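Let's work through a few exercises on a ligand and the space around it. Have the viewer open and try each task before reading its solution.

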Amino acid sequence: MDKIMLVTGASRGIGAETARLAALAGFDVCVNYRNNQVEALDVVASIEATGQRAIAVQADVASETDVLRLYETIDNELGSLTALVNNAGILESQSNFENISLQRLRRVFDTNVGGSFLCAREAVLRMSYKHGGKGGAIVNLSSRAALLGSAHEYVDYAASKGAIDSMTIGLANEVAGQGIRVNAVRPGLIYTDMHASGGEAGRVDRMKSGVPLQRGGLPVEVAKAILWLISDESSYTTGSFIDVSGGR
Ligand code: NAP
């Protein structure tokens with residue numbers, strides 16, 4: 001059976017590293033991105049260099065129309081999905097709670113929660129025995145923020161990741177009999193461009209002394225945990241979480 005993976009938000013950071021490692025594990029990969037076509041095409045080229053197939057598909061995961069088009073493209077160009085990594089996520093400028101507007105809350109939840117729900121729903125429709133599928137695996141990108149709360153920075157983002165934790169448990173239980181495992185990874189402070197979106201590109205270095213391992217993490221260290229949860233090596237693991245956070 002062909003192994004076919006969708007990684008949302010795979011033009012950079014943890015998603016790009018996951019897509020590259022997936023190719024080395026024998027997956028054909030759909031590299032989804034929102035804006036950055038040049039970087040997405042770079043990831044596609046590095047996957048193709050391993051001999052696997054890859055396509056880059058622009059789609060905003062917060063848009064149901066875009067998600068439906070994304071999955072139709074995968075169906076037509078790669079085949080039936082066997083693995084989903086719900087990685088696309090955003091945060092906004094560091095802010096105290098009292099300054100979080102409803103519009104901002106909606107933007108963060110639409111992408112982080114709505115996008116993950118929509119992509120998981122379309123994956124289940126293709127993977128579940130009930131719908132004629134052959135099973136599969138889903139990994140959601142949560143965050144240690146779900147447990148820490150991100151006070152004075154982005155409680156909205158942390159709460160969106162709390163929702164991802166609940167969805168991981170509920171969906172895992174719902175589809176366990178349908179051949180689908182659902183797990184999540186909770187990264188801690190990882191060196192990616194995401195921190196610049198919050199207005200502090202150097203955030204990991206500022207905070208790393210509070211990490212028991214005394215350093216920030218690399219995207220590839222998160223990607224390895226994701227790939228383990230996708231692989232048959234974790235065949236008895238569902239509804240579970242791996243914290244990749246240096247102990248913090
Ligand atoms: P990043 O470097 O900011 O990359 C985000 C990726 O998501 C980009 O490829 C971006 O595409 C894409 N994206 C954003 N909004 C999208 C949308 N609406 N539709 C489709 N794609 C979208 O992020 P990262 O640090 O690698 O984070 C990846 C995941 O890990 C996120 O869910 C994040 O919350 C989680 N996480 C990260 C950390 C950390 O310290 N970095 C810690 C905990 C959890 P474009 O470039 O094309 O816009």
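The exercises below use this predicted model.

**Exercise 1.** Find which residues are closest to the ligand, and how many surround it.

*Solution.* Start by selecting every residue with a heavy atom within 4 Å of the ligand. This shell holds 32 residues. Next, pick out the closest ones: Ser11, Asn35, Asn87, Tyr157 and Thr192. Finally, sort the shell by class, which gives 13 nonpolar, 14 polar and five charged residues.

**Exercise 2.** Locate polar atoms of Gly9, Ile14 and Lys161 that approach oxygen atoms of the ligand.

*Solution.* Take the backbone first. At Gly9, a backbone N or O atom lies 3.2 Å from a ligand oxygen. For Ile14, the distance from a polar backbone atom to an oxygen atom of the ligand is 2.8 Å. Then turn to the side chains: Lys161 places a polar side-chain atom 2.9 Å from a ligand oxygen. To finish, look at the cover as a whole: the ligand taken alone exposes 910 Å², and the protein buries 98% of that.

**Exercise 3.** Work out where the ligand sits and which elements give two or more residues to the shell around it.

*Solution.* The ligand sits in the largest pocket. Helix H1 (13–24), strand S2 (28–33), helix H6 (155–175) and helix H7 (194–197) each give two or more residues to its shell.

**Exercise 4.** Describe the largest pocket by its volume and its lining.

*Solution.* Begin with the volume, about 880 Å³. The lining comes next: it has 45 residues, with Asn87, Gly89, Ile90, Thr192 and Met194 nearest the centre of the pocket. Now trace the elements: H1, S2, helix H5 (145–148), H6, H7 and helix H8 (203–207) each supply at least two lining residues. Last, divide the lining by class into 18 nonpolar, 18 polar and nine charged residues.

Technical notes:
Residues are numbered from 1 along each chain as its sequence is written. This is a predicted model: local features need pLDDT of at least 70, side-chain atom pairs count only at pLDDT 80 or more; totals for chains, interfaces and linings use all residues. Side-chain values use heavy atoms; hydrogens and water are left out. A polar contact is a pair of N or O atoms within 3.5 Å; within protein, one must be able to donate a hydrogen and the other to accept it, and residues adjacent in sequence count only if both atoms are side-chain atoms. Accessible areas come from the Shrake-Rupley method with a 1.4 Å probe; for residues, only the protein chains shown count as cover. On a 1 Å grid over the protein atoms alone, a cavity is a set of points where a 1.4 Å probe fits but cannot get out, and a pocket is an open set with protein on both sides within 12 Å along at least five of seven lines; lining residues have an atom within 4 Å of a point. A molecule sits in a cavity or pocket if more than half of its atoms lie within 2 Å of its grid points. Helices (H or I, at least four residues) and strands (E, at least two) are DSSP runs, numbered from the N terminus. Ala, Val, Leu, Ile, Met, Phe, Trp, Tyr, Cys and Pro count as nonpolar, Asp, Glu, Lys and Arg as charged, and the others, Gly among them, as polar. Grid points are joined across faces, edges and corners, and a volume is the space filled by probe spheres set on the points.
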